[in-house]
Amino acid sequence: MQFHHHGYVSTDPRIQPAAGVGLDRPQELPAEIDVLIVGSGPAGIVAAAQLAQFPNVVTRVVERRDGRLVLGQADGIQARSVETFQAFGFARRIIEEAYQITETDFWSPDPERPENIVRSAITPDDPKGISEFPHLIVNQARVIDYFAEFARNAPARGDVDYGYEFVGLEVLGEGEYPVEVTLRRVAGYAGAGIGTARAAGAEDGESVVVRAKYVVGADGARSAVRRAIGGSLAGSTSLHAWGVMDVLAVTDFPDYRKKCIIHSEAGSILHIPREGNHLARIYVDLGETDEQDGGRVRDTPLEEVIARANAILHPYTLDVRDVPWHSVYEVAHRLTDRFDDAATSPDGKPRVFLMGDACHTHSAKAGQGMNVSMQDGWNLGWKLGYVLEGRSPESLLRTYSDERWVTSKNLIDFDHEWSTLMAKKPEEFDSPGEVEEFYVRTAEFPAGFMTEYTASMLTSDGAHQELASGFPIGKRFKSVRTTRVADAVEVHLGHHHRADGRFRIYAFADAGGERLERWAAWLAEGPASPVARFTPHGADLDALFDVKAVYPEHHHEVDLARVPRLFLPASGPFGLTDYEKVYAALPEEDIFELRGVSRAGVAIVVRPDHYVSAILPLDRPELLGEFFEGLLLPRG
């Protein structure tokens with residue numbers, strides 16, 4: 001963490017100085033808003049947190065509830081999400097309070113006494129070393145709390161306006177604020193506490209009309225924003241029901257504090273221990289349903305769900321003492337036909353966007369809903385910031401739907417296969433280890449690392465992929481440990497990629513560094529350099545591009561006095577040197593070898609949300625300028 005570069009700081013350094021709209025943020029909803037986000041769930045709050053880093057963008061989040069979410073339904077946090085938490089500055093804190101999944105135990109019918117279950121396999125949670133971050137379980141409400149805290153501490157001082165219900169919108173297609181949104185004050189508004197605000201003079205039940213440049217619908221599976229733009233969810237519902245309950249229980253089941261996938265003659269259970277060392281979430285197989293029963297299975301009493309769990313766990317027993325939350329559902333896989341309103345917008349430009357459950361729904365058992373929704377929010381958040389601050393053309397916003405629709409479709413296909421396996425009876429499996437084999441074989445997908453964006457204005461065509469084969473273009477930048485040269489501290493290179501809206505450019509030096517020096521000189525001084533063309537006037541050299549050097553030598557062999565000044569830029573009003581941009585490979589964990597990085601030198605461009613955009617040779621620096629041409633707008 002860097003601070004003091006604007007003067008001595010004695011308070012919490014995570015609280016950034018207010019700037020722009022954050023200097024005098026009104027309590028009341030403004031009549032004109034740059035981005036109006038409907039819904040403060042995982043997707044909406046991540047978009048808001050990212051936009052809070054853009055101090056000149058007026059962002060407001062409206063939420064029907066009268067205060068923070070108390071009990072969220074989602075709880076599975078995949079490793080990709082923990083990488084995201086690192087970028088937003090709270091990975092360590094949330095890891096400390098979360099439950100960590102380190103392995104999964106599989107239980108099956110005892111071959112000798114099939115009415116009983118026995119442990120049949122134990123699988124490490126990440127046998128392939130997909131990520132340095134763990135797989136966590138923590139309530140959705142706490143995840144939202146952390147992102148909301150980040151937004152409140154960011155320059156724009158983002159927050160949530162509680163007690164507003166979305167009524168409807170109309171895209172007028174004219175004026176600076178072309179979307180007219182009607183909201184309604186919700187009866188029972190508390191009007192107190194963090195993140196509460198009401199429109200001036202608005203009373204409960206009264207309509208409030210605001211104008212917005214863009215609207216984001218993050219308002220769940222029954223999204224009113226989706227309906228307002230004529231969108232719909234299409235897909236299927238399985239004829240199989242599950243009861244899910246968070247329980248505080250006493251049991252003789254030996255793996256109660258481990259993730260378990262249980263198949264017995266009486267049905268199946270997915271058992272997930274929860275944070276706090278006592279709570280557990282149990283998904284209980286309720287069997288096939290009748291499509292003609294009108295959803296009667298959803299009225300299954302809690303006592304029946306508990307009884308079914310005990311039957312599946314036999315010979316073990318589950319004495320449930322308290323149930324903070326429970327539900328019954330049938331698995332549904334649905335995907336919206338549109339992630340924005342471009343097809344119906346008067347000018348053909350997307351003005352209204354959908355994210356999270358508003359555009360994709362699936363089962364909870366693969367732990368994907370909250371995780372994919374957060375990536376929706378991050379993907380769109382920085383893009384809106386770039387367009388609204390004049391950094392990029394409006395065409396950038398079209399990439400949101402192109403990228404996230406494919407990701408959501410892949411998720412639903414995966415989840416359909418996984419939920420089908422979970423619903424099988426023991427005698428229906430092709431082999432006794434079929435579930436375990438699928439779980440290990442597909443581990444990278446549920447961990448969140450199979451997303452791969454295709455060629456676009458944000459993603460190059462891969463002509464130079466061979467220069468860094470271990471950093472696939474379009475996939476997330478997979479970090480490796482390195483040594484920070486200035487202080488000899490070992491750090492993960494990617495952990496300094498903060499959610500501050502900047503592009504990262506990692507320049508891997510050639511042996512001897514001659515190409516790196518010429519490349520750095522061009523980037524710092526060349527008229528066609530993106531740093532020269534796009535960095536705002538009067539801003540720090542690294543205001544838009546965080547450029548780092550990675551040397552192949554041991555850090556003792558890297559002479560900072562000879563490192564190009566591009567990698568030691570002046571920072572803040574005092575012109576202090578930034579020493580966190582020069583790194584060296586570790587002898588025992590050489591990033592060049594581990595990621596197939598050419599020792600002839602290569603530059604890797606990583607976009608603000610962690611995905612690799614381009615891989616380019618150092619000896620052709622003009623290619624870097626060509627990549628950003630059209631993606632960014634020249635400074636005004």
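Which residue in β27 is the bridge partner of V605? In β27, that partner is A614, and we will come back to this pair once the sheet around it has been introduced. The model is a predicted one, in which local features need pLDDT of at least 70, side-chain atom pairs count only at pLDDT 80 or more, and totals for chains, interfaces and linings use all residues. Residues are numbered from 1 along each chain as its sequence is written, and side-chain values use heavy atoms, with hydrogens and water left out. Helices (H or I, at least four residues) and strands (E, at least two) are DSSP runs, numbered from the N terminus.

Let us begin at the N-terminal end. H4 has a positive phi of about 80° although it is not a glycine, and its place is in the segment before β1 (32-38). Further along comes helix α1 (residues 42-51), whose axis comes within 8 Å of that of helix α4 (residues 140-153), the two crossing at roughly 15°. Axes here are lines fitted to C-alpha atoms, for helices over the stretch in contact, and angles run from 0 to 180 degrees between N-to-C directions. The two helices, α1 and α4, are therefore roughly parallel to each other; angles under 35 degrees count as roughly parallel, over 145 as roughly antiparallel, 65 to 115 as roughly perpendicular and the rest as oblique. Their crossing is left-handed, a word used if the near helix is turned anticlockwise from the far one by less than a right angle, with right-handed used if clockwise. On the α1 side the contact (heavy atoms within 4.5 Å) is made by P42, I45, V46, A48 and A49, and on the α4 side by Q140, I144, F147, A148, F150 and A151. By class, these residues divide into ten nonpolar, one polar and no charged. In this scheme Ala, Val, Leu, Ile, Met, Phe, Trp, Tyr, Cys and Pro count as nonpolar, Asp, Glu, Lys and Arg as charged, and the others, Gly among them, as polar.

Next, a sheet. Three strands form an open, antiparallel sheet in the order β3-β7-β4, where two strands pair if DSSP finds at least two bridges between them. The edges are β3 (76-77) and β4 (99-101), each with a single partner strand, so one side of each is left without a neighbour in the sheet. Two bridges join β3 to β7 (residues 135-137), and I77 stands opposite L136 in β7.

Moving on along the chain, look at the loop between α6 (302-313) and β16 (318-336), which holds P315. The peptide bond from H314 to P315 is cis, with omega near 20°.

Now for two more helix pairs, which share α8. The axes of helix α7 (residues 369-388) and α8 come within 10 Å and cross at roughly 170°, which makes α7 roughly antiparallel to α8. Here V372, Q375, D376, N379, L380 and K383 in α7 meet T399, Y400, E403, R404 and L411 in α8. This contact has four nonpolar, three polar and four charged residues. Helix α8 (residues 398-423) also packs with helix α9 (residues 434-441), at an angle of about 155° and with the axes 10 Å apart. That makes α8 roughly antiparallel to α9, and their crossing is left-handed. F414, E417, W418 and L421 of α8 make the contact with E434, V435, F438 and Y439 of α9.

UniProt, in an unreviewed entry, places the feature "domain: Phenol hydroxylase-like C-terminal dimerisation" at residues 451-634; such annotations may be inferred rather than shown by experiment. The span is 15% helix and 22% strand, and its end C-alpha atoms lie 31 Å apart.

Finally, the sheet of our opening pair: seven strands form an open sheet with mixed pairing, in the order β20-β19-β25-β22-β21-β26-β27. Its edge strands are β20 (489-492) and β27 (612-617), each pairing on one side only, and the twist averages 30° from one strand to the next. At one edge, β19 (residues 481-484) and β20 pair in the antiparallel sense over four bridges, with T482 partnered by V491. These two strands form a hairpin with four residues between them, and A488 in the turn has a positive phi of about 60°. Three bridges also join β19 to β25 (residues 582-585), running antiparallel. Helix α10 (residues 514-525) lies across β21 (503-508), β22 (545-551) and β26, running at about 170° to β22. At the other edge, β26 (residues 602-606) and β27 pair in the antiparallel sense over five bridges, and there V605 has A614 as its bridge partner.
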